[in-house]
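Me: I should like to learn how to read the interior of a protein model. Could we work through one together?

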Amino acid sequence: MRIFDDTQMIHYLKEQTQHAIGFTIANRGDCERLSDIIYEKLNVQISYNTLRRFFDLDKKHYKPRLNTLNILSQLLGYKNYLALCATFPEKNRWSSSKKIFIALGELNYSRLINVLILERFKQTQFVNLFSLTIREFVFRQEFDLIDKLFRDKELALLTLSYSEKIHIGESVGSALKLATLKPKTIQKLLNNLVFTELVILTYVDYSTLKPGNYFQNFVVEALRIPNYKHHVFFKCIRYLGNYLMNKPLEKPNLRLGSTTHPILVSRVFSIRILDKIAHDKSFNTDVLALFTYKKKHQLSTNDFLYELRIVSLIMKNFKLMKCLIDESEKGITEFYQESHAQIHLLLRLIYATKNKDYKTINRIKPNFEPNKWALSYFSFLHIFYHILLYHQTDKTDFKRAHLRNFKEAAKNLGYTNFNHSYCIHYFD
């Protein structure tokens, strides 16, 4: 079992334990008394010897084991030791941040990686401090150090939860799109598969799919790499960017692997549907075989429908919207899926507006929170939000204001498809 050694945190746990039980641990008798209290309250056995060593009553120095830290934390009302760490006084957080700032100021990589590994080990605020560090390196154009950090095996970045990966992706991606990136730098980052998974694949900025913009630059360079692992993903992005710019569309050649993430599966099916409608001008019900695929591979509904919702909105395809609404299910298992749920509510509001279903609109509106949309989709989805507001009012002044907001948002995005007529005739 791994051993913890965070002197400040353990000192705090000792103080809080003695405060909770109302007496100081000064001898063997105190340890036996505490052992009885723990058994009485938690029904867990912990020997007085273990407690004697923890409270430094033994001449030898022992590092406490995680089980001991967990039990004492539970005595204080926390789920475990990590839960206690998460609520540790703010000064401890300041201390960790200060160490990061010192290492960044000195550009001392050894010190920096030691602090990050310690925070990764404690799992209290690692994601925030790591994101802050990478953003700082982006602004300094220290891309070799970024590459090095993402490759560091001790940080075990790929074992983070998907919500944590999304957090890193949004934090780093939003800084990266403001940087000046040379093709060689982009190639280096693309060839770092940990960086690609945590940042490029999670922060797909839909406001930068035009030629010469942040994400299209990554698409161009990725498709130049022979046999690149993520070719399918970047082909999907290229197709969508071309569609939004009314550029010629090549038939997408997209094959799914056996272990593909449900969001990528959704993206592939989305492009297939987009291509079919773009060329056949109709929605073929055979495409609904995708739900059979989802069921066969037991894919998460929330993740699987994500990109399909986006495409149904872009194409104003109410038949597809209805299929997606019927297929959806409740339940958010990770924090990042709150964004998925809010996009689903946008879809339902638009579909209900099309059908003049005011009962559904009034029921959904109180739970609709656009501020929870993923950062990379935020400005893009506001196009549809302004369309929704425009069509939900009969007041001329309000219509003008919402149309003006739509035009401003569309101008900022710069996609040819989103013009005056698109908004006015969205529900035709």
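**Cores, a helix and hollow spaces**

Reply: The largest nonpolar core has 118 residues, and Phe-150, Phe-384 and Phe-418 are those with the most contacts inside it. Its largest share, 9 residues, comes from H15. Apart from it lies another core, of 22 residues, among them Leu-13, Leu-75, Tyr-81 and Leu-84. This is a predicted model, in which local features need pLDDT of at least 70 and side-chain atom pairs count only at pLDDT 80 or more, while totals for chains, interfaces and linings use all residues. Residues are numbered from 1 along each chain as its sequence is written, and side-chain values use heavy atoms, with hydrogens and water left out.

Me: What is a nonpolar core?

Reply: A nonpolar core is a set of buried Ala, Val, Leu, Ile, Met, Phe, Trp, Tyr and Cys residues joined through side-chain atoms within 4.5 Å. Buried means under 20% relative accessible area, exposed over 50%, and partly exposed in between (1.4 Å probe, protein chains only).

Me: Which residues does Phe-384 touch, not counting residues up to four places away in sequence?

Reply: A contact requires heavy atoms within 4.5 Å. With those sequence neighbours not counted, Phe-384 touches Leu-313, Ile-314, Leu-346, Ile-350, Phe-418, Tyr-422 and Tyr-426.

Me: Why does Ile-113 count as buried?

Reply: Ile-113 counts as buried because its relative accessibility is 8%. The residue is found in helix H7 (residues 109–122); helices (H or I, at least four residues) are DSSP runs, numbered from the N terminus. Not counting residues up to four places away in sequence, Ile-113 touches Leu-149, Asp-152 and Leu-155. Ile-113 and Asp-152 are 39 residues apart in sequence and 8.8 Å apart in space, C-alpha to C-alpha.

Me: How is the span of a helix such as H14 read?

Reply: The expected span is 1.5 Å times one less than the number of residues. Helix H14 (residues 231–244) has 14 residues and reaches 20 Å from its first C-alpha to its last, close to the 20 Å expected. Asn-246, whose phi is positive, near 55°, follows H14.

Me: Why is H14 described as largely enclosed?

Reply: Of its 14 residues, 11 are buried, so H14 is largely enclosed by the rest of the structure. The buried residues include Phe-233, Phe-234, Cys-236, Ile-237 and Leu-240. The buried residues of H14 pack against several helices, including H11 (183–190), H15 (262–280) and H22 (378–391).

Me: How many cavities of 30 Å³ or more does a search of the whole structure find?

Reply: On a 1 Å grid over the protein atoms alone, a cavity is a set of points where a 1.4 Å probe fits but cannot get out, whereas a pocket is an open set with protein on both sides within 12 Å along at least five of seven lines; lining residues have an atom within 4 Å of a point. Grid points are joined across faces, edges and corners, and a volume is the space filled by probe spheres set on the points. The search finds 2 cavities of 30 Å³ or more, and about 50 Å³ of space lies in the largest cavity. Among the residues that line the largest cavity are Cys-236, Ile-237, Arg-267 and Glu-307.

Me: What volume does the largest pocket have, and which residues lie nearest its centre?

Reply: The volume of the largest pocket is about 1000 Å³. Its lining has 42 residues, of which Tyr-162, Ile-166, Leu-201, Thr-202 and Ile-263 lie nearest the centre. H10 gives the most to this lining, with 8 residues.

Conventions. Helix = DSSP H or I, 4+ residues; strand = E, 2+ residues; numbered from the N terminus.
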